[in-house]
Amino acid sequence: MVITSKSNPVIKTVASLSDKKFRKQLNLYLVEGIKPVKECLKAGCEIERIICTVENGTLFPNATVVSDGVFKSISSEKTPQGVIAVVKIPEMPMASPKGCCLLLDCLQDPGNLGTVIRTANAAGYEEIYLINCTDPYSPKSVRASMSGIFFVRLYSGSREEILNLLNGVPVICADMNGEDVFGFKPPEKFCLCIGNEGGGISSEVSEKAQYTVKIPMRETCESLNAAVSAGIAMYALKNNI
């Protein structure tokens, strides 16, 4: 059976997941696109439902099939591929890091957050702590993570709660007043902190930091994008251990 009505209860639930309020309430998020959904399945994520157009029915035989019009109403893509997975947000009890990790302090752009998650997965930072950040499970952030969100552990909490978890872990802040990251020798286990796009790292986190590093730049460049800075610092520090 092909669902052709946008008022269908299943479709209304899926549509509601574009809103953070309902993602939190239902503990669900959306993964869109053929490749991301296949990687979500491969990663062993808990998928509640896959929705696809008639065209993609053979690729996902157990999916809920909908008309093109209905699919467009729930898609966040400009050119939809015709596949969306409804995925359970993993339960992640707060825990101290086991290895090198990231602390993101008030990162507000979903594209930046998703890109940082993507790079963290690539560079081997499996634990990411979030203080007052934008929702990592928003469609834009999930899309920017390029499946990285399936392979990292995300911990969201208050500044006090997360800083307590990092007791005993050397914190390295990325800031323009630090020492050259390419010449810095980090400890074997550390937490790299990236701050807000406009305001940088909060004073509470800065006070917690044992080290501060910077990315050297030409005088003609005032600053780098937060996700770009995070990527450079992640690899530089791992290579210098």
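**Exercise 1. The nonpolar cores**

How many residues does the largest nonpolar core have, and which have the most contacts inside it?

*Solution.* The model is a predicted one. Step 1: count the members; the largest nonpolar core has 47 residues. Step 2: list those with the most contacts inside this core, namely Tyr-29, Val-31, Leu-104, Tyr-125, Ile-128 and Met-234. Step 3: find the element that supplies the largest share, which is helix H9 (residues 226–240) with 7 residues. Step 4: look for a further core; a second, separate one has 17 residues, including Ile-131, Leu-163, Leu-165 and Leu-166. As background, nonpolar side chains in soluble globular proteins tend to be buried together.

**Exercise 2. The surroundings of Val-31**

State which residues Val-31 is in contact with, leaving aside neighbours within four places in sequence.

*Solution.* Step 1: recall that Val-31 is among the residues with the most contacts inside the largest core. Step 2: go through the partners of Val-31, which are Pro-36, Val-37, Cys-40, Val-83, Ile-84, Ala-85, Val-87, Val-142 and Phe-150.

**Exercise 3. Two packed helices**

Describe how H5 and H9 pack, giving the angle and the distance between their axes.

*Solution.* Step 1: read off the geometry; the angle is about 15° and the axes are 9 Å apart. Step 2: classify the angle. Angles under 35 degrees count as roughly parallel, and H5 and H9 are therefore roughly parallel to each other. Step 3: give the handedness of the crossing of H5 and H9, which is right-handed. Step 4: name the residues that make the contact. H5 contributes Asn-112, Thr-115, Val-116, Thr-119, Ala-120, Ala-122 and Ala-123. From H9 come Ala-226, Ala-227, Ala-230, Gly-231, Met-234, Tyr-235 and Lys-238. Met-234 also appears among the residues with the most contacts inside the largest core.

**Exercise 4. Salt bridges**

Find how many salt bridges the whole structure has, and examine those of Arg-23, Arg-159 and Arg-153.

*Solution.* Step 1: a search of the whole structure gives 6 salt bridges.

Step 2: take Arg-23, whose partner is Asp-135, with the closest N and O atoms 2.8 Å apart. Arg-23 lies in helix H2 (residues 20–26) and Asp-135 in the loop between strand S7 (127–131) and helix H6 (139–145), so the pair ties together parts that are 112 residues apart in sequence. Both Arg-23 and Asp-135 are buried.

Step 3: take Arg-159, which meets Asp-105 at 2.9 Å, N to O. Here helix H7 (residues 159–165) holds Arg-159 and strand S6 (residues 101–105) holds Asp-105, 54 residues apart. Arg-159 and Asp-105 are buried.

Step 4: take Arg-153, which pairs with Glu-126 at 3.6 Å between the closest N and O atoms. Arg-153 belongs to strand S8 (residues 153–156), and Glu-126 to the loop between helix H5 (110–123) and S7, 27 residues apart. Shared partners join Glu-126, Glu-127 and Arg-153 into one network of salt bridges. Arg-153 is partly exposed, with a relative accessible area of 25%, and Glu-126 is partly exposed at 44%.

**Exercise 5. Positive phi**

Determine where Asn-27 and Cys-106 are found, and whether each is buried or partly exposed.

*Solution.* Step 1: recall that most residues other than glycine have a negative phi. Step 2: Asn-27 is not a glycine, yet its phi is positive, about 60°. Asn-27 sits in the loop between H2 and strand S2 (28–32) and is partly exposed, with a relative accessible area of 26%. Step 3: Cys-106, also not a glycine, has a positive phi of about 65°. Cys-106 is in the loop between S6 and H5. Its relative accessible area is 18%; buried means under 20%, so Cys-106 is buried.

Technical notes
Residues numbered from 1 in each chain as written. Predicted model: local features only at pLDDT ≥ 70, side-chain atom pairs only at ≥ 80, totals over all residues. Heavy atoms only, no water. Salt bridge = Lys/Arg side-chain N within 4 Å of Asp/Glu carboxyl O. Helix = DSSP H or I, 4+ residues; strand = E, 2+ residues; numbered from the N terminus. Buried < 20%, exposed > 50% of the residue type's maximum accessible area, 1.4 Å probe, protein only. Core = buried A, V, L, I, M, F, W, Y, C linked by side-chain atoms within 4.5 Å. Contact = heavy atoms within 4.5 Å. Axes fitted to C-alpha atoms, helices over the stretch in contact; angles between N-to-C directions. Parallel < 35°, antiparallel > 145°, perpendicular 65-115°, else oblique. Left-handed = near helix turned anticlockwise from the far one by under 90°.
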